[in-house]
Each structure stands twice: as C-alpha cells, then as structure tokens.
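Let's take a stroll through this model, from its core to a pocket and one helix residue.

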Amino acid sequence: MSTATMGAGPLRSAPAKDMAKARALGRRRRLVDSLVRWACIAATLVGLFFLASIMLTLVWRGMAALDLTIFTTEFRPTRFGDDTLPKGGLLHAILGSLVQVAIATAIGTPVGLLVGTYLAEYARNSAMGNAVRFVSDVLLSAPSILIGLFIYQLVVLPMGGFSGIAGALALAIIVIPVVVRTTEDMLQLIPNTLREAVIALGAPKWKMITLVCYKAALSGIVTGILLAVARIAGETAPLLLTSFGNNIASLDLSKAMASLPISIYQQANSGFPDLIEIAWTGALLVTLGVLAINICARLLLRRKI
Amino acid sequence: MQQTVAAGAAGLPVSGQRRKPGSLGDRIFEALCTGAGILVLLTLGGIIVTLFIGGLPAFERYGVQFLWSDAWNPVEDHREEYGALIAVFGTVVSSILAIIFAVPVAFGIAFFLTELAPDWLKRPVGIAIELLAAVPSIIYGMWGLFVLVPFVQMHIQLAFGEQLAAIPLIGFIFESNNFAGTSLFSASLVLAIMILPFIAATMRDVFEQVPPVYKESAYGVGATRWEVVRGVVIPYTRISVVGGIMLGLGRALGETMAVTFVIGNANRMPESVFDASTTIASVIAMEFPESLAGSLKQSALFALGFLLFVISFVVLATSRWLLRSRLK
C-alpha cells in the first residue's frame with residue numbers, strides 16, 4: 001500500500017516546496033477529515049435515532065391499552081367508542097405464539113444442532129459440507145414468505161386447511177439455519193487438543209461430541225437457540241400462509257391458530273382506533289420480548305468468551 | 001486433525017481382537033448428523049421444486065410473456081390475466097433505493113465504531129445497532145405506517161415535492177398525484193432502516209480485520225483518519241464491503257410485512273417514487289390468503305414466489321461468495 005495508491009489527491013502532490021501552500025494543504029486535509037468524522041458521528045446518531053423513535057413510539061402508543069385484560073381476554077370486535085362494551089385482549093394471540101414458537105424450537109433445534117455438528121466435526125472441508133454450509137446460509141437470509149409458500153404446498157394443501165402445526169413447521173425451518181450457524185461457529189472454537197485428549201482416553205467420537213464438545217460450547221449453542229426464538233417470535237409473513245390467524249384462543253394444532261404478529265397485522269389494518277390501540281400493545285409486547293431475549297443471548301455469550 | 005480423530009474414533013489402530021467401543025453409537029450419530037445435513041439440502045431443493053410446481057400452470061399459460069407482462073387482473077373471470085413485471089419492478093426499485101439510502105449511513109456507523117468511538121462507547125452503540133436488526137419486520141411496518149408515512153407525506157412530499165419535481169431531467173421521478181404518503185419512497189426508507197444494521201455490522205467486522213500494521217504505517221506517514229480509511233481500509237476490504245451490501249440487498253428483496261404496510265399495494269406501474277407500488281413479497285402476502293387453492297391466481301403468485309427465490313438466491317449466493325474469504 002504505497003502512498004501513491006492512497007488515492008487522496010493532496011498526498012500525491014505533497015511535499016510542497018512553498019510553505020504557504022503546504023499549510024493550506026494541511027488545513028484542507030484536516031478540514032476534510034473532521035467533516036467526514038462529524039458525518040460519521042451524525043450517521044451513528046441517525047441509526048440510534050431510529051431505534052429510539054421506534055421504541056418510544058411503541059412505549060407511548062402501546063402503554064395506552066396495556067392492562068390485565070390484554071392477557072386474560074380473547075379478541076373482541078371494535079367497541080365503536082362505546083366504553084361500556086367489553087374490551088378485547090390478546091390472550092388468543094399470546095397463547096398461539098407461545099405454542100407455535102415452542103413447537104418450532106423443539107423441532108428446529110435438534111436438527112440445527114446435528115447439522116452444525118456435521119459441519120464442524122464430520123465435514124469441515126468436504127464438498128458435501130461446503131454445500132450444506134452454503135445452503136444453510138442461503139436459508140438464513142432467504143425471504144421468509146417463500147418458506148410460508150413451501151409449507152402451504154407441503155402441509156396446508158394436503159391437510160385441507162390452515163393449521164397451527166403448519167405454522168410451527170414453517171417457523172422450524174427458520175430456526176434451523178440460525179442454530180446451525182452458531183453451533184458450527186462454537187464447535188470450531190473448541191481446541192483440537194481437547195478432542196484429542198478425549199479420544200486418547202478411548203472414548204468413541206459420539207461421546208466426545210455429546211459429552212465434551214457440546215458442554216464446552218454450551219453457552220454459544222444456547223445463544224443460538226435464543227437468537228432463533230427471538231427471530232421467529234416476530235415472524236409474520238410465513239404464518240400468514242400457514243397458521244393464518246384465529247380470533248379465539250385454541251390449542252388445536254390442526255386448526256388455524258392465532259399468533260401475536262398476525263393479530264397485530266390484522267388489528268393494525270382494521271381502521272378502528274380501539275383495535276389499533278390493542279395492536280400497538282401487542283407490538284410493544286413482541287418487541288420487548290424479542291429484544292429481551294436478544295440481550296440475554298448477548299450477555300450469555302460475553303460471560304463465556 | 002481430521003485424520004487422527006477419524007482414525008482414533010473408528011478404532012483402527014487397536015488390536016483386532018478388542019471390541020471396538022461405541023462403534024455402533026458412532027455410526028448412528030454420524031448417520032444422524034449426515035441425515036440432518038441432507039435434510040437441509042432437501043429443504044432448499046423442496047422450496048425450489050414446490051414453488052416451481054405451484055407456478056407451473058401460470059408459466060404454461062403465459063410462457064415467457066409472464067416476465068414482462070404488466071397485467072394483474074384477478075377480478076373478471078374470463079379475462080383474468082397475470083404478469084410479473086409490476087411486482088418485479090417494485091421489488092427491484094425499492095430494494096435498490098433502500099441500498100442507496102442505507103449504504104452511506106451504514107458506512108458512517110462502521111467507520112465510527114472501528115476508528116472513532118472511544119472503547120467504552122463501542123460496545124453499547126454496537127449492540128444498539130444490532131438490536132435494530134432484531135426488531136421484527138411487522139414493527140417496522142407499523143412504525144412506518146403511523147410515524148414515517150405521515151412524515152414523508154407532510155415534510156418531504158408536501159414541503160419539497162414541487163421543488164424536487166422542478167429539477168431538470170430527473171424531476172419527473174418526483175412528480176406524483178398520490179399524496180397518501182404510502183409509496184415506493186416510504187417503502188424504500190423503511191427498508192433502508194431495516195437493512196442498515198446488517199450492512200453496518202458486516203462493514204464493521206471486515207474493517208476490524210484490516211491488519212493494524214497497515215493502518216499504523218499510513219498513520220506513520222502522517223495520514224489523517226479519513227485518509228487511512230479511504231486509502232487503506234476501503235481498498236483492503238472492498239470485496240467484502242460489496243458482499244455486505246449484497247447481503248443487505250438480499251434481505252431487502254424478500255422483506256414482506258414492513259413493505260406491505262407502507263408501499264400502498266397498487267398493482268400498476270409507478271411513474272414516480274411517490275406513487276404507490278407493490279413488491280413480489282407484499283403481493284403474495286396481500287393476495288395469497290384470499291386466493292382459492294388451485295386457482296390461476298394462486299399459481300401466478302407461486303410463479304412470482306419462484307421469481308423472487310431466483311432473484312434473492314442469486315444475490316445471496318454472490319454475497320456469500322464475495323464474503324467467503326473474510327468472514328471465516
């Protein structure tokens with residue numbers, strides 16, 4: 001990296017023989033530098049401003065309808081401003097979200113864990129391993145609505161209707177690549193001497209992985225699972241095509257099932273102020289939950305490494 | 001290492017008589033892991049195949065014409081007609097605008113986090129930016145609809161619309177009769193905010209991988225921080241930075257809920273950035289739940305999904321290929 005390729009014009013025309021010119025050049029370089037620095041600080045403030053704006057809007061508008069009835073009642077139609085009618089809640093949505101997220105995590109985590117193990121312990125540099133790693137990375141960023149379309153063809157059509165289990169399966173597909181990435185990364189960090197020590201004791205490889213490697217990578221793996229939960233808790237698009245949403249609290253996995261994001265979507269677009277208020281409360285709950293899980297995941301990882 | 005573990009685990013060097021400990025367990029566990037890996041491959045394959053099969057009736061009916069037809073008429077039974085052009089155009093334009101908005105800001109954040117911020121500030125600011133990535137897209141949609149859209153409507157479109165439209169040559173892209181605020185422009189802004197943390201985080205990670213000795217030698221000859229970034233950091237990380245931008249583009253292309261809230265969902269060709277438009281993902285989200293199973297409309301939506309998959313697959317694969325050397 002020679003100074004000639006620095007690209008900055010002033011440097012190339014440097015050592016100026018005229019002192020006045022040199023000083024002017026120095027002033028200009030310092031000016032450009034400080035302008036760019038202030039612009040970067042401004043950019044960071046812009047990013048933080050958006051986060052603050054979103055959080056403040058959520059708290060401001062979400063607190064309005066936040067009370068116990070949100071957690072104890074199901075959907076009720078709009079009251080048209082008549083406060084004597086009972087106020088609706090989000091019980092159906094919270095229950096549905098918990099059920100679907102729990103099932104999706106229960107299905108997606110073991111698969112993701114095994115794939116991560118495969119990549120880190122069995123196929124580090126093989127062609128097959130590279131293919132799986134590539135596909136998993138593509139799935140990680142693939143449009144989630146397409147996963148909804150996939151499950152629609154695979155589960156909803158054969159079952160003859162939207163169902164909670166279809167929603168859970170769609171979310172499980174989103175869980176897998178998140179868990180794969182963190183599991184593989186964490187297993188790769190384990191020093192090989194540890195593996196050699198276990199093998200030298202005569203332990204078979206599967207015991208080495210399950211009893212020693214998993215234990216050493218535990219906090220990283222749990223972080224991955226938490227991040228996956230945080231990711232699917234707010235997913236809306238795939239659920240729109242799989243579990244569809246429901247206005248009553250139901251635990252029947254073979255029927256359409258409510259979920260917080262879908263309820264938010266439907267009530268926010270309903271046009272009735274009281275329902276929009278409830279949608280904001282739901283949005284506040286989802287965001288607080290997701291951010292709390294995210295922060296937990298980060299704290300967990302920092303303590304270990 | 002791979003060799004020693006494999007040989008040790010299979011118990012090869014051990015004398016022939018001894019029962020190989022756990023060799024059955026090893027075979028089962030390896031089969032499970034391999035099976036899970038194959039399952040991931042099958043999932044991606046399954047997505048491609050089901051989308052294609054679902055879209056087949058539409059592809060058969062319209063052929064290649066589907067790609068550049070701007071028709072979208074699901075209402076009239078006998079004259080219903082579908083084309084991909086409007087949705088593909090909206091998807092690509094909104095994503096590219098989002099990239100144009102997001103990249104300078106993301107670069108500023110990455111520069112701030114790697115070169116400018118004092119150590120005690122790096123971590124909290126970094127986490128705050130990453131939390132921006134964790135906010136669910138539906139929240140961006142609501143915030144966009146109730147906060148950003150009115151702002152765009154009042155303070156950008158009404159305040160500067162006429163001045164913008166008067167700019168020679170490019171003025172026409174700001175000229176619009178749609179004052180609802182839900183527009184291509186609002187969608188691009190929301191998308192830009194959503195992909196900002198992804199691009200910023202990738203840029204920060206690759207900036208940090210520049211060997212300090214390169215930067216120090218530039219500082220040593222008297223370069224300012226900006227000159228170091230421009231002359232050393234960016235040339236060194238150029239390819240990965242483009243990879244990070246492609247990653248953001250891939251995200252923006254497939255974003256559904258946030259866009260659905262703010263783009264206006266109009267199935268006609270936008271003539272200005274302030275016109276309502278639609279994207280592939282939002283047309284699927286809006287129209288799929290109300291389409292009949294097996295109908296031509298549903299097939300057209302599957303066909304659109306297939307196109308979206310192809311577009312985002314190409315972008316994401318390119319991104320990964322560009323990032324492969326740095327993000328190991």
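What follows covers the core, the pocket and a buried leucine in turn.

This is a predicted model, where local features need pLDDT of at least 70, side-chain atom pairs count only at pLDDT 80 or more, and totals for chains, interfaces and linings use all residues. Residues are numbered from 1 along each chain as written, chains are lettered from A in the order written, and side-chain values use heavy atoms, without hydrogens and water.

Start with the largest nonpolar core (buried Ala, Val, Leu, Ile, Met, Phe, Trp, Tyr and Cys joined through side-chain atoms within 4.5 Å; buried is under 20% relative accessible area, 1.4 Å probe, protein chains only). It has 185 residues, and A:Ile145, B:Phe66, B:Tyr140, B:Ile284 and B:Leu304 touch the most other members. Domain 1 (17-65) and domain 2 (91-304) of chain A both contribute, so the core lies between them. Look at A:Ile145: beyond its neighbours within four places in sequence, its contacts (heavy atoms within 4.5 Å) include A:Ala237, A:Leu241, B:Ile284 and B:Leu308.

Now for the lining of the second largest pocket, whose residues have an atom within 4 Å of a pocket point on a 1 Å grid. Helix 13 of chain A gives the largest share, five residues. Among the lining residues are A:Ile94, A:Val229 and A:Gly289.

Finally, find B:Leu253 in helix 9 (residues 225-254) of chain B; helices here are DSSP runs of H or I, at least four residues. B:Leu253 counts as buried because its relative accessibility is 5%. Leaving aside neighbours within four places in sequence, B:Leu253 contacts B:Thr91, B:Val92, B:Ser95, B:Leu308, B:Ile311, B:Ser312 and B:Val315.

How values were computed. Buried < 20%, exposed > 50% of the residue type's maximum accessible area, 1.4 Å probe, protein only. Domains from an automatic or database assignment. 1 Å grid on protein atoms, 1.4 Å probe; cavity = no way out; pocket = protein on both sides within 12 Å on 5 of 7 lines; lining within 4 Å. Helix = DSSP H or I, 4+ residues; strand = E, 2+ residues; numbered from the N terminus.
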